[in-house]
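Biologist: I should like to learn how the features of a structural model are read, one after another. May we begin with the overall architecture?

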Amino acid sequence: ERQIFVTRHGESEDNITGRIGGDAPLSPAGRKFAKALAKFTQAQRIKFACEMASKANELEPVENQTPAKALEKTAQFCSSQFTIWTSMLQRSMQTAESFDPDDYDVKHIRFLNEINSGICEGLSYEEIQEKHPQEFKLRQANKLFYRYPGMGGESYIDVIHRLQPMIIELERMTQSCLIITHRVVMRILLSYLLDWKRDEMPHMMVPIHTVYELRPKPYGTELKKWQYVE
Ligand code: F6P
């Protein structure tokens, strides 16, 4: 059994001004989330290790142990590998900066970057509506297939295709992991892991500072949602 955590990066400077795309750094609130995320993940990892250890009958039931004893006894389980994947954009990499590199194997992967919005990069939705009204309408009419015009512009379908190797790797690996990514990529990964309908997927709410914890089981995937409150 393993844990898969999926979240968006912490709030970025562009999230504050409502600009899409780009490569902005985290805002002060985003940096706070990044710190909280590292603490949260560590705590969940220890809890999970305790659960697994008592399940495996190798330790006493968790409730009989003092926190210190439990910690010590589960150290071996915690030392099992835990991978963090981020995209190669600043806001995603910065969200992983508070994790101890001795305890986590952090990898930055370009495939996890946010959708490329071509000529609309750096604009707000209001500005897109104003400067490119036709494009705005076309996207609203078919968000899944609409491809942003301009260099490198992508559609959801394009992002689904570039994520295929990541999804195969995620299926293949046995260790727990945390994926720190972006709105479109998160929607696609969750739709795959949670069987969301493809047509609804581009419209699903996936707010920032919310962590999805998934546990794949033989009968389906268990889901817990965690929200960061300051
Ligand atoms: O606003 C953040 C963001 O990740 C943008 O960079 C991206 O273009 C957008 O969300 C994607 O969301 P939607 O597909 O709903 O426009």
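Modeller: Helices and strands are DSSP runs, numbered from the N terminus, with at least four residues for a helix and at least two for a strand. The model before us is a predicted one. Read along its sequence, the chain follows the pattern β-α-α-α-β-α-β-α-α-α-β-α-β-β.

Biologist: How many helices and how many strands does the chain have?

Modeller: There are eight helices and six strands.

Biologist: What share of the residues in the chain is buried?

Modeller: Of the 230 residues in the chain, 30% are buried. As for contacts, those between residues 24 or more positions apart account for 63% of the contacts with a separation of 6 or more.

Biologist: How should I think about a nonpolar core?

Modeller: In soluble globular proteins, nonpolar side chains tend to be buried together. In this chain, the largest nonpolar core has 28 residues, and those with the most contacts inside it are I84, I179 and V185. The elements that give two or more residues to this core are β1 (4–8), α2, β2 (82–86), α7, β4 (176–181), α8 and β5 (210–217).

Biologist: Which element gives the largest share of this core?

Modeller: That element is α8, with five residues.

Biologist: What does I84 touch, leaving aside its neighbours within four places in sequence?

Modeller: With those neighbours left aside, I84 is in contact with A96, F99, Y104, D105, V106, C177, L178 and I180.

Biologist: And where is V185 placed?

Modeller: V185 is in helix α8. It counts as buried because 25 C-beta neighbours lie inside 10 Å, the cut-off for a buried residue being 20 or more. Not counting residues up to four places away in sequence, V185 touches L112, E114, V159 and L163. By contrast with these contacts, the C-alpha atoms of V185 and F136, which are 49 residues apart along the chain, are separated by 21 Å.

Biologist: How is the packing of two helices described?

Modeller: Two packed helices are described by the angle between their axes and the distance between the axes. Here the axes of helix α7 (residues 156–172) and helix α8 (residues 183–194) come within 10 Å and cross at roughly 60°. The crossing of α7 and α8 is right-handed. On the α7 side the contact is made by Y156, V159, I160, L163 and I167, and on the α8 side by V184, V185, I188 and Y192. By class, this contact has nine nonpolar residues, no polar and no charged ones.

Biologist: Which residues are around the ligand?

Modeller: They are I20, G21, E114, I115, S117, H182, R183, V184 and P202. By class, the shell has four nonpolar, three polar and two charged residues. V184 thus appears both in this list and in the contact of α8 with α7.

Biologist: How should the sign of phi be read?

Modeller: Most residues other than glycine have a negative phi, and most peptide bonds are trans. In this model, D195 has a positive phi near 60°, and H209, which is not a glycine, has a positive phi of about 60°. D195 lies in the loop between α8 and β5, and the place of H209 is in the loop between α8 and β5 as well.

Biologist: Is D195 buried or exposed?

Modeller: D195 is exposed, because 9 other C-beta atoms lie within 10 Å. H209, however, is buried, with 20 other C-beta atoms within 10 Å.

Biologist: Where is A24 found, and why is it classed as buried?

Modeller: A24 is found in the loop between α1 (13–17) and α2 (28–55). It is buried because 20 other C-beta atoms lie within 10 Å. A24 touches S12, E13, D14, Q90 and R91, not counting residues up to four places away in sequence.

Biologist: Can you give a case in which residues separated along the chain are in contact?

Modeller: I119, in the loop between β3 (105–108) and α5 (125–131), offers one. Its C-alpha atom is separated by 5.1 Å from that of G150, 31 residues apart along the chain. Not counting residues up to four places away in sequence, I119 touches H132, Y148, P149 and G150. I119 is partly exposed, with 15 other C-beta atoms within 10 Å.

How values were computed. Residues numbered from 1 in each chain as written. Predicted model: local features only at pLDDT ≥ 70, side-chain atom pairs only at ≥ 80, totals over all residues. Near = placed C-beta within 6 Å. Nonpolar A, V, L, I, M, F, W, Y, C, P; charged D, E, K, R; others polar. Buried ≥ 20, exposed ≤ 12 C-beta atoms within 10 Å, placed from the backbone. Contact = placed C-beta atoms within 7 Å. Axes fitted to C-alpha atoms, helices over the stretch in contact; angles between N-to-C directions. Left-handed = near helix turned anticlockwise from the far one by under 90°. Core = buried A, V, L, I, M, F, W, Y, C linked by C-beta atoms within 7 Å.
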